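Colleague: I have this model open and would like to learn how to read its features. Could you walk me through it?

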Amino acid sequence: MPIHQVLIQRRDGHDASSGPGDPWLLAALWTLAIVAVAAAVRLLVWYWPGRVFDGVTSHIWTALAWDLAHGHFYRPLLGPDGYGGTRYMPLLFGIQALLMRLGFDPIDAGVLLMQGSVLAAAAALYAALRAHQVPRGLAVPLALTVFGTVIYQQYCTDLDPDYLAFALAMSSVPLAVRSVRHHQSGWLFAAGLAVVLAALTKVTALAYLVPLAWWLLTSARPRAAAWFVMGTLALFTLAAGVRPGFAQDAKKGEAVYTAQKCSLCHQVAGKGNKTNPLDGVGAKLSAEDIRQWITHPVEAAAKAKSTKKPPMPAKYGSLPAADLDALVAYMQSLK
Ligand code: HEC
């Protein structure tokens, strides 16, 4: 039995799905929705501005966004600034970084993103309910209960990927329903794309594949189910494997290499000082070893028992982090 029939079945057993439904139940739901939204506004006003994002998770997300907005996609695992090993999925902080590049203050950008994603989550839930023919008057208060959850009250002053991941993953439901109803596979592709974007926000959102595939199977669309699962997984693998900016990093690194006059002592592809050729260094050394040579050449030379004169100067450690990353990427491309 569809959900709305369960929810608004009248006491006399009469199916009320086509009518206005049980007025008491509707009144209760609307009360819950209105109280939830009012409480949400009250909470935000109460915490604004001093206490928003006052937590470790929010700090990490904002730091990742800050780095990206300054041309730095994930810090190295170990660098001069210490441990930078957090590898949160990139979509949330990517959007925050974009907002920062557009001139928003980091905190404002985060608040906008967080509250925007809660609204998007409610909208996606509404669309999913409507796709299942839940009447509008019931779908609106049900969707607004997103604001009434303990999770919202606990995390509304943090920056957190869950709502964005939920909004994207949940929007795959109406898209998939649409594709089956109209026999258009384009909508199923859009549903898969929504799951991929959700997983690029929080990887566990990939689990949405299971109920959607099950639903396609039980709707007698086994081929669509197989394509949906395989296509979405392939797209996700592809998207997660791309390291955006890597090629540009290497190109930028070449410019840093020229600007720093590394070729006074080094040769690449026949150009520069032939005493210390760097061709093939990307295959010979790991990224961490290359970084060590650039930032701590004295230690690196000792480790490699290099006695070549003049030795590599130790001044490059103070280059901006983004330049160092680019140099390492360029060295790595020399294979
Ligand atoms: C004053 C000379 C000098 C300059 C300038 C210099 N290096 Fe070096 N570099 C050396 C020497 C000498 C070695 C040790 C080579 C060896 O022992 O084979 C070395 C080693 C390296 C290595 C390790 C190579 C290997 O095969 O193990 C890398 C990578 C490197 N340098 C990158 C750079 C970069 C990038 C720059 C510019 C930012 C630079 N170097 C500037 C002298 C220099």
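Colleague: Let's begin with helix packing. At what angle do helix H5 and helix H6 pack, and how far apart are their axes?

Modeller: Keep in mind that this is a predicted model. For a helix pair, look at the angle, then the distance, then the residues that meet. Helix H5 (residues 106-131) packs against helix H6 (residues 136-144) at about 145 degrees, and their axes are 8 Å apart. The crossing of H5 past H6 is right-handed.

Colleague: Which residues meet there?

Modeller: From H5 come Ala122, Leu125, Tyr126, Leu129 and Arg130, and they meet Ala139, Val140, Leu142, Ala143 and Leu144 of H6. Sorted by class, this contact has nine nonpolar residues, no polar ones and one charged residue.

Colleague: Now the sheet. In what order do its strands lie?

Modeller: The general idea first: strands of a sheet pair through backbone hydrogen bonds, either parallel or antiparallel. Here three strands form an open sheet in the order S4-S3-S5, with mixed pairing. Strand S4 (271-272) and strand S5 (276-277) are at the edges with a single partner strand each, so one side of each has no neighbour in the sheet. Strand S3 (residues 266-268) and S5 run parallel and are joined by two bridges. Within that pair, Gln267 stands opposite Pro277 in S5.

Colleague: What about the loop between S4 and S5: is Thr275 buried or exposed there?

Modeller: For burial, count the C-beta atoms around a residue; 12 or fewer within 10 Å makes it exposed. Thr275 lies in that loop between S4 and S5. Thr275 has 11 other C-beta atoms within 10 Å, so it is exposed. Across the protein, buried residues make up 32% of the 335 residues.

Colleague: How far apart are Thr275 and Lys308, in sequence and in space?

Modeller: They are 33 residues apart in sequence, and their C-alpha atoms are 9.0 Å apart in space. Lys308 also brings us to the ligand, since Lys308 is among the closest of the 24 residues that surround it.

Colleague: Which other residues are closest, and which helices contribute to the shell?

Modeller: Along with Lys308, the closest are Cys262, Cys265, Ser306 and Met312. Helix H13 (281-284), helix H14 (287-295) and helix H16 (321-332) each supply at least two residues of the shell around the ligand. H14 gives the largest share, three residues. By class, the shell has 18 nonpolar, four polar and two charged residues.

Colleague: And the overall count of helices and strands?

Modeller: The protein has 16 helices and five strands.

Methods. Residues are numbered from 1 along each chain as its sequence is written. This is a predicted model: local features need pLDDT of at least 70, side-chain atom pairs count only at pLDDT 80 or more; totals for chains, interfaces and linings use all residues. Axes are lines fitted to C-alpha atoms, for helices over the stretch in contact, and angles run from 0 to 180 degrees between N-to-C directions. Helices (H or I, at least four residues) and strands (E, at least two) are DSSP runs, numbered from the N terminus. A crossing is left-handed if the near helix is turned anticlockwise from the far one by less than a right angle, and right-handed if clockwise. Two residues are in contact if their C-beta atoms, placed from the backbone, lie within 7 Å. Ala, Val, Leu, Ile, Met, Phe, Trp, Tyr, Cys and Pro count as nonpolar, Asp, Glu, Lys and Arg as charged, and the others, Gly among them, as polar. A residue is near a molecule or strand if its C-beta atom, placed from the backbone, lies within 6 Å of it. Two strands pair if DSSP finds at least two bridges between them. A residue is buried if 20 or more other C-beta atoms lie within 10 Å of its own, exposed if 12 or fewer, and partly exposed in between; C-beta atoms are placed from the backbone.
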